[in-house]
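Student: Please give me a close look at a single part of this protein: its inside. I'd like to go slowly, and I'd like the loops brought in too as a contrast.

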Amino acid sequence: MIQNCVSPTTVLDPLPMQGPELGFQADDIEAPETEQESKQEILENKDVVVQRVHVDGLGRTKEDLLTYEIADVFQAKNLIDVMRRSHEARQKLLRLGIFRKVEVVIDTSRGEDALPNGLDVTFEVTELRRMTGSYNTMVGNNEGSMVLGLKLPNTFGRAEKLTFQFSYGTKETSYGLSFFKPQPGHFERNISLNMYKVTGQFPWSSLRETDRGISAEMSFPVWKTNQTLKWEGVWRELGCLARTASFAIREESGHSLKSSLSHAMVIDTRNSSILPKKGGLLKIHQELAGYTGGDASFLKEDFEIQLNKTLFWDSVLSASLWGGLLLPIGDKQTSIADRFYLGGPTSIRGFSMYSMGPQSEGDYLGGEAYWAGGLHLYTPLPFRPGKGGFGDLFRTHFFLNAGNLCNLNYGEGPQAHLKKLAECIRWSYGLGIVLRLGNIARLELNYCIPMGVQSGDRICDGVQFGAGIRFL
């Protein structure tokens with residue numbers, strides 16, 4: 001039962017999102033009377049019953065939304081269980097993104113119907129404003145951007161979110177309007193609708209691309225996986241970035257319309273997505289274009305695997321593998337905007353950004369098949385300067401990367417494809433320093449030695465700097 005009421009209570013200070021379970025402290029318990037002492041002793045040593053749950057401070061939020069999030073509190077059987085379930089419910093309420101602050105209050109039941117072992121639990125909430133703005137910087141794969149955002153949280157009272165975002169970066173400028181709607185009681189199950197315009201520059205291909213599109217996306221968990229289904233319709237405009245662009249790039253220029261259905265599955269058990277010490281990641285993505293309209297027709301498959309293991313002396317061994325295949329449907333060739341690219345400080349280190357594989361007059365055209373693997377050893381800094389503080393953000397990095405990118409002749413069969421991917425393998429090794437920027441991004445400064453260089457590849461022999469979120 002959810003009521004808006006206030007009663008004299010004992011307050012438990014809010015705990016961080018990740019921390020110890022709720023527990024009483026000496027300062028949390030008011031100076032009791034004789035009757036209160038007797039009741040407190042009963043609560044500590046016997047089972048209890050949660051009789052009422054109140055939510056104070058609601059404004060535009062609908063009460064039925066919160067019923068799903070706090071229902072487990074009624075299932076508690078003892079005082080410790082009440083504290084644990086109350087803390088879990090608090091985390092769920094904060095996860096909704098509609099409250100600025102949530103405090104938990106637990107008190108003995110009062111009134112004519114109060115049981116000797118009855119408890120009342122109160123959540124004191126402070127809602128976010130109807131409109132909020134933000135300004136921040138964001139790090140992408142070797143690029144930075146300034147982001148301005150306008151958000152309307154809890155738009156209709158059930159944790160919906162309407163967001164407008166403008167991003168201006170070194171290589172990309174974008175506008176976007178999105179609407180997010182979670183399923184009550186199951187925040188992981190949600191839908192989102194998006195409208196956007198993105199203009200990007202790709203100097204390795206002397207290409208400029210402007211995308212104007214809409215998309216509808218549905219996310220939901222299945223067992224230990226997170227699943228995403230998406231439809232996207234996008235009008236793409238390709239143009240030359242420089243007068244020196246090759247004839248192959250000029251042929252790709254013009255307008256095209258892509259309508260595609262895609263599916264993604266993710267299993268992520270890592271303790272951190274930026275610089276994990278343990279756990280693994282499996283990501284599989286497939287996209288089918290052409291059957292729902294548009295002039296782009298293809299089937300695209302790609303995957304990502306990562307495993308991390310903590311070793312002795314706080315060192316971490318990490319192994320990763322990427323791969324992908326792009327199959328054209330019909331007689332029309334694939335577009336340069338849909339192909340894979342490889343090379344650079346976030347993938348095959350020691351090579352310039354996306355500067356390996358098929359190219360024409362110095363402009364890189366991407367490939368229809370690729371694979372890339374990496375083996376990494378992360379260790380603390382020598383002599384552990386700044387241990388327990390700023391020094392823990394740095395790691396020493398030893399790496400070995402390898403991979404290949406090419407186009408395939410689909411009439412030759414799978415064995416010929418594998419043979420072609422195994423030929424002319426590019427690889428590199430080296431060492432450097434990694435800096436973790438919280439859970440947002442990471443920076444790398446490596447000394448790289450590229451090997452297996454093929455004709456037309458651009459290399460970065462020596463010191464190479466990388467910044468981003470997703471690294472091989």
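Tutor: Let's start with a word we'll need all the way through: a residue is buried when its relative accessible area is under 20%, exposed when it is over 50%, and partly exposed in between, using a 1.4 Å probe and protein chains only. Keep in mind that you're looking at a predicted model, where local features need pLDDT of at least 70 and side-chain atom pairs count only at pLDDT 80 or more, while totals for chains, interfaces and linings use all residues. Residues are numbered from 1 along each chain as its sequence is written, and side-chain values use heavy atoms, with hydrogens and water left out.

First, the overall picture. The protein has 472 residues, and 42% of them are buried. It holds 5 helices and 21 strands; these are DSSP runs numbered from the N terminus, with helices (H or I) of at least four residues and strands (E) of at least two. Now a word about contacts, which here means heavy atoms within 4.5 Å. If you take the contacts between residues at least 6 apart in sequence, 59% of them join residues at least 24 apart. We'll run into a few pairs that are widely separated in sequence as we go.

Now let's go inside. A nonpolar core is a set of buried Ala, Val, Leu, Ile, Met, Phe, Trp, Tyr and Cys residues joined through side-chain atoms within 4.5 Å. The largest one in this protein has 29 residues, and the members that touch the most others are Leu66, Val82, Leu93, Leu96, Phe99, Val121 and Phe123. Where do they come from? At least two residues each are supplied by strand E2 (49-56), H2, H3, strand E3 (99-108) and strand E4 (118-127). The top giver is H3, with 6 residues. You can also see H2 and H3 meeting directly: Leu66, Glu69 and Ile70 on the H2 side touch Ala89, Lys92, Leu93 and Arg95 on the H3 side. Look out for Leu66 and Leu93, which turn up in that helix contact as well as among the best-connected core members.

Staying with E2 for a moment, find arginine 52, which sits in that strand. Despite its charged look on paper, arginine 52 counts as buried because its relative accessible area is 11%. Its C-alpha atom is 8.1 Å from that of phenylalanine 74, 22 residues away along the chain.

There's a second, separate core too, with 14 residues, including Trp322, Phe340, Leu342 and Ile348. A handy way in is alanine 372, in strand E17 (residues 369-379). Alanine 372 is buried because its relative accessible area is 0%. Skip its neighbours within four places in sequence, and its contacts are Ser320, Leu321, Trp322, Leu342, Ile348, Ala402, Gly403 and Leu472. One of those, serine 320, is 52 residues from alanine 372 in sequence, with the two C-alpha atoms 8.2 Å apart in space.

Next, jump to valine 434 in strand E19 (residues 426-437). Valine 434 is also buried, since its relative accessible area is 0%. Again leaving out neighbours within four places, valine 434 is in contact with Leu275, Tyr378, Leu393, Phe394, Arg395, His397, Arg442, Leu443 and Glu444. Leucine 381 is 53 residues from valine 434 along the chain, and their C-alpha atoms are 10.0 Å apart.

Now for the loops you asked about. Serine 206 lies in the one between strand E9 (186-202) and strand E10 (207-222). Being in a loop doesn't put serine 206 outside: it is buried, because its relative accessible area is 9%. Its phi is near 50°, a positive value in a residue other than glycine. Arginine 243 makes a nice partner to look at, as its C-alpha atom is 8.7 Å from that of serine 206, though they are 37 residues apart along the chain. Arginine 243 belongs to the loop between strand E11 (225-240) and helix H4 (247-252), and it counts as exposed because its relative accessibility is 82%.

Finally, aspartate 314 is found in the loop between strand E13 (279-310) and strand E14 (316-328). Aspartate 314 is partly exposed because its relative accessible area is 25%. Its phi is near 65°, again positive in a residue other than glycine.
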